[in-house]
Amino acid sequence: MKRHSRLFQLFAYTFLSLFAIINIVPLFWMVVNSFKKEQEYAADPFSFPKALQFSNYAKAWEVANMDVYFLNSIIITFASLIITVLLGALAAYFLSRFKFKLRGTTYSLFLLGMLVPIHATLIPIFLIMQKLHLLDTYWSLILPYTAFHLSLTIFILEGFMRSFPKDLEESGVVDGAGVYRIFWSIILPITRPALATVIILNFIYNWNEYLFALVLITSTELKTLPLGLSNFAGIETASLTLQMAALTIALIPILIFYLLLQKQLVNGMTAGAVKG
Amino acid sequence: MQTLKGTRLAIFLGLFPALLIYLGIAIVPIGLSLYFSFTNWDGISAMKFIGFDNFVKILSDDTFWLTVKNNLIIMVTGLIGQIPLGLVLALLLNRGLKGSGFFRTVGFMPVVISSVMVSLIWGMVYNTEYGMLNNLLGMIGLDSWKMNWLGDTRTSMLAISIAYIWQNCGLYMVIFLAALQNIPDEVNEAAELDGATGLKRTWRITIPMIKGTIMVNVVYSISNSFRVFDLIQILTGGGPAHQTEVMTLYMYNSAFLNMRYGYGSAVSILILLFSLIVITFVNRINREKDA
């Protein structure tokens, strides 16, 4: 189809390769050095390790409490994700398949949330959590994560559910099924592709979140991975190889996740950005 | 559509939990922020209503204006760094070159990694003694170029800006790419028949076709620049001596380090106001250009 001149190709590949190198090298450099002894790294940060120091990993896992942070991140991420997607799907179902007064207003109200900057709510949320005695608990993160991602979740799911033909629920109505039964056994199963998108988006946003965790969580046993890592780096300033090992441990799962679900992630985050 | 009996209750029950959490945690706090911004409160003693005092104090604080300046630097970095770079990358990737998929994957990767991890990695790159950058400079004989990148006020904002571009330009790249792929083939074919090729076609036809997307990205990049926090909090903590502090960090410090909740809330309202003003301004310019 398209033919490109040699000169264009040379320019394009040089530019793209340079860009790719700049994107990969910091990560690659970190992973390579995470296998070195500290002295070996200090002597030459660009050599390959003489022997692979897996002890860095064992030590980082221990010292940085990685197991605790991973577990907290998993619990908080998935709890928020499940609540957001369930409540969001339910709301999207009523907003898309029913006519009622205030339908439009409710929908617009939900969409407004995509414009709300987190920092403008941070102080009140901190004080609310304090009042409710939820400060420094899982709930202090689960509630904001849910609240702030309901908008995008409802936006995506409502748009998808709206596209179903109008007579879809009729068989259910004929069978005498209630509205919730229809939601659960007719609507939800065919919403699966959109559900996958919102689940992936909620996962990545919750997993990476830092600011709320910084403000609302103080005890080490409750810290999430981003918060724990940043604290660890602040303490272990002397041992960069240890930091690198800890970061690599946190990096690997997210890279695998990205490579496996790249298409949905890219499409979802692009949609989220453009609509937000 | 549905006219089942008892549906109204079902609708209410279905929407209520989502609305409760959403309004209570995402919307009501904005009102509260506005309310707190007119008070003096440390969270313990009684809240005191003080009118516009917080705003007067903030606007006469030199440190605040320093953070405004730094926010502008970040904003400009986004506009002249991320967006043109994202656009050029998207234009190149849209040409059906071999290996485009690989470059797209690598380009979007930093967007998926948490900003905490991005910040910590760049902290290691910029580390004075053991960092990648200084060692690289030493290796190619440019020892005199070695710097304390994050600690020296001459380079600290530049260093942060580069990490900021690195972190986000992949997002703009894929948004542009999606827009480019939506241009119908006929447009390109017609352009080719008219003899418009290469750069000329890109400039005269492709760019105008995705003008809407460019505007979306500009607005998005501006509103993101006002939200930047993680990167700077972790890389420099706003230092040395507030030289890299941004408004969100100033707010965080006032509220959570100095326990001045009223003052901090006033800062957060100002951030909201500033970003609204800039975005309205950009939209206005854009509309006038169209008219």
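Student: In this predicted model, how far apart are the end C-alpha atoms of residues 240-261 of chain A?
Tutor: An unreviewed UniProt entry lists residues 240-261 of chain A among the spans that it annotates as "transmembrane region". In the predicted model, this span is 95% helix and 0% strand. Its end C-alpha atoms are separated by 31 Å.

Student: What percentage of helix does the span of residues 69-95 of chain A have?
Tutor: Residues 69-95 of chain A are also among the spans that the unreviewed UniProt entry annotates as "transmembrane region". The end C-alpha atoms of residues 69-95 of chain A lie 37 Å apart, and with strand at 0% the helix content is 100%.

Student: How far apart are the end C-alpha atoms of residues 70-261 of chain A?
Tutor: The unreviewed UniProt entry gives residues 70-261 of chain A the annotation "domain: ABC transmembrane type-1". In the model this span is 76% helix and 0% strand, and the distance between its end C-alpha atoms is 21 Å.

Student: Which residues of chain B does UniProt place under "transmembrane region", and what is the helix content of residues 261-282 of chain B?
Tutor: The record, an unreviewed entry, places this feature at residues 12-38, 72-93, 105-125, 157-180 and 261-282 of chain B. Residues 12-38 of chain B are 93% helix and 0% strand, with end C-alpha atoms 36 Å apart. For residues 261-282 of chain B, the end C-alpha atoms lie 32 Å apart, strand is 0% and helix is 100%.

Student: What area is buried between chain A and chain B?
Tutor: The contact draws on 92 residues from chain A and 85 residues from chain B. Carbon and sulfur atoms give 81% of the buried area, which comes to about 8100 Å².

Student: Which helix of chain A gives the largest share of the side that touches chain B?
Tutor: Between chain A and chain B there are 15 residue pairs in polar contact, while the rule finds zero salt bridges across this interface. By class, the side of chain A that touches chain B has 71 nonpolar, 16 polar and five charged residues. The largest share of that side, 18 residues, is contributed by residues 6-33 of chain A, which form helix H1.

Student: Where in chain A does the partner of A:Arg97 in a salt bridge lie?
Tutor: Over all chains the structure holds five salt bridges. In one of them, the side chains of A:Arg97 and A:Glu169 meet at 2.7 Å, N to O. The two residues are 72 residues apart and link distant parts of the chain, with A:Arg97 in helix H4 of chain A and A:Glu169 in the loop between helix H7 (138-162) and helix H8 (170-174) of chain A.

Student: Which residue in the loop between helix H3 and helix H4 of chain A has a positive phi although it is not a glycine?
Tutor: Most residues other than glycine have a negative phi. The loop between helix H3 (54-63) and helix H4 (66-97) of chain A holds a residue that is not a glycine and yet has a positive phi of about 55 degrees, namely A:Asn65.

Student: Is the peptide bond from B:Gly239 to B:Pro240 cis or trans?
Tutor: B:Pro240 lies in the loop between H11 and helix H12 (247-257) of chain B. The bond that joins B:Gly239 to B:Pro240 has an omega near -10 degrees, and it is cis.

Student: Which element of chain B has the lowest mean pLDDT?
Tutor: Chain B averages a pLDDT of 89, and 97% of the residues score at least 70. Among the elements of chain B, helix H11 (residues 230-235) has the highest mean pLDDT, at 95, while the lowest, 77, belongs to helix H8 (residues 185-193) of chain B.

Definitions and conventions:
Residues numbered from 1 in each chain as written. Chains lettered and ligands numbered in written order. Predicted model: local features only at pLDDT ≥ 70, side-chain atom pairs only at ≥ 80, totals over all residues. Heavy atoms only, no water. UniProt positions renumbered as here; feature names shortened; annotations may be inferred. Helix = DSSP H or I, 4+ residues; strand = E, 2+ residues; numbered from the N terminus. Contact = heavy atoms within 4.5 Å. Buried area = accessible area lost by both parts, 1.4 Å probe. Salt bridge = Lys/Arg side-chain N within 4 Å of Asp/Glu carboxyl O. Polar contact = N/O pair within 3.5 Å; in protein donor to acceptor, adjacent residues only side chain to side chain. Nonpolar A, V, L, I, M, F, W, Y, C, P; charged D, E, K, R; others polar. pLDDT = per-residue confidence, 0-100.
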